Amino acid sequence: MAEPNIEQVLLVDDDVGFRTITQQFLLRLGYASEIAANAPEALEILKKRHFDIVISDIRMKGKDGVQLMKEAKEVYPHLDFIMMTGFSSEYSYSDVIQAGAADYISKPFEMGELKAKLERIAREKNLLWEIQYINRQLTRSFKHLRKTMEGIITAMALALEMRDPYTAGHQRRVAGLACAIAKEIGLDGDMIEGIRMAGLIHDLGKIQIPAEILSKPSRLTDFEFGMIKFHP
Ligand SMILES: [Fe+2]
């Protein structure tokens, strides 16, 4: 997936003079822009092709800009909006941002101000994209690491059981029982997985004990039994 950028702009304003001037300015800045005279027209245009951002007047006849934004976001939740108004006292900054706008600009504004806002939103989109990308990479690395660790633990458990055939399968049975208990008492999946891995190598300490003592068919001497009891 490519990094997001702001290229396609839909400009919505019922003032024909204002939207013509603003569109020319956007085109000069290198944005591909299209215009709509009202909210229903904007919603129709949005159906036809992709846009990165909508710059919309708030106060329009019929549906206002906030209604347009709410309806559009139901279908395109990642579509950004900059709301414009010449009657800023009617809409507070926090109301507009809480309704889902990326930013808000009061008319009349300097074109440089709109440019700065578009660039800031593009930077934020990129940053968010990078964070999501890094998160996906971390999740992948974590899964890989976990698989490797499971492989190592299984190999250690097998090596231990090969030295001590008398208890072969014992660690697996303990791991199975411990997991069943953990499930019964309602521990979460990660915790149960940790218990399963610990169970599989819980007799790791036996590796210190000579194999002939572990598999001795006759009674152990006090010294040998002491060694067995000593293993961690
Ligand atoms: Fe054991």
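Okay, let's start on a helix. On one side of α2, Lys47 and Lys48 are exposed. Keep in mind as we go that this is a predicted model.

So what's on the other side? Helix α2 covers residues 39–48, and its buried residues are Ala39, Ala42, Leu43, Ile45 and Leu46. Those five sit on the same side of α2, because the arc they cover around the axis is only 165 degrees. And what do the buried residues of α2 pack against? There are three strands, β1 (8–12), β2 (32–36) and β3 (53–57), plus one helix, α3 (65–75).

Let me pick one residue out of that group, isoleucine 45, which is in helix α2. Is isoleucine 45 buried or exposed? Its relative accessibility is 10%, and under 20% means buried, so isoleucine 45 counts as buried. If you skip residues up to four places away in sequence, isoleucine 45 touches Leu10, Glu34, Ile35, Ala36 and Phe51. Take Leu10 from that list: isoleucine 45 and leucine 10 are 35 residues apart along the chain, yet their C-alpha atoms are separated by 8.5 Å.

Now over to one of those strands. Isoleucine 55 is in β3. Isoleucine 55 has 0% relative accessibility, so this one counts as buried too. Who's around it? Leaving out neighbours within four places in sequence, isoleucine 55 is in contact with Val9, Leu10, Leu11, Val12, Leu26, Ile82, Met84, Leu114 and Leu118. Leu10, you'll notice, is on this list and on the one for isoleucine 45. One more distance here: from isoleucine 55 to lysine 117 is 62 residues along the chain, and 11 Å between C-alpha atoms.

Okay, let's zoom out to the whole protein. How many helices and strands are there? The count is 9 helices and 5 strands. Reading from the N terminus, the order is β-α-β-α-β-α-β-α-β-α-α-α-α-α. So you get strands and helices taking turns, and then a run of helices at the end.

Between β5 (103–106) and α5 (111–163) there's a loop, and proline 108 is in that loop. Have a look at the peptide bond from lysine 107 to proline 108: this bond is cis, with omega near -5 degrees.

Follow α5 along and you come to arginine 163, which is in that helix. Arginine 163 has 28% relative accessibility, so it counts as partly exposed. Which residues does arginine 163 touch, not counting those up to four places away in sequence? The answer is Lys206, Ile207, Ile209, Pro210, Ala211 and Leu214. Then compare that with glycine 186: arginine 163 and glycine 186 are 23 residues apart along the chain, and their C-alpha atoms are separated by 35 Å.

What about the overall dimensions? Along the principal axes, the C-alpha trace spans about 100 × 35 × 30 Å. The radius of gyration is 33 Å, whereas a compact globule of 232 residues would be near 17 Å.

A few totals before I stop. Buried residues make up 37% of the 232 residues. The accessible surface is about 14400 Å², and 60% of that belongs to carbon and sulfur atoms. For charges, there are 30 positive and 33 negative, and their mean positions are 5 Å apart. And of the contacts between residues at least 6 apart in sequence, 62% join residues at least 24 apart.

That's my tour, thanks.

Technical notes
Residues numbered from 1 in each chain as written. Predicted model: local features only at pLDDT ≥ 70, side-chain atom pairs only at ≥ 80, totals over all residues. Heavy atoms only, no water. Helix = DSSP H or I, 4+ residues; strand = E, 2+ residues; numbered from the N terminus. Rg over C-alpha atoms; globule rule 2.2 N^0.38 Å. Buried < 20%, exposed > 50% of the residue type's maximum accessible area, 1.4 Å probe, protein only. Contact = heavy atoms within 4.5 Å. Areas by Shrake-Rupley, 256 points an atom, 1.4 Å probe, with all protein chains shown as cover. Lys, Arg positive; Asp, Glu negative; His and termini not counted. Charge placed at Lys NZ, Arg CZ, Asp CG, Glu CD. Arc of directions from axis to C-beta.
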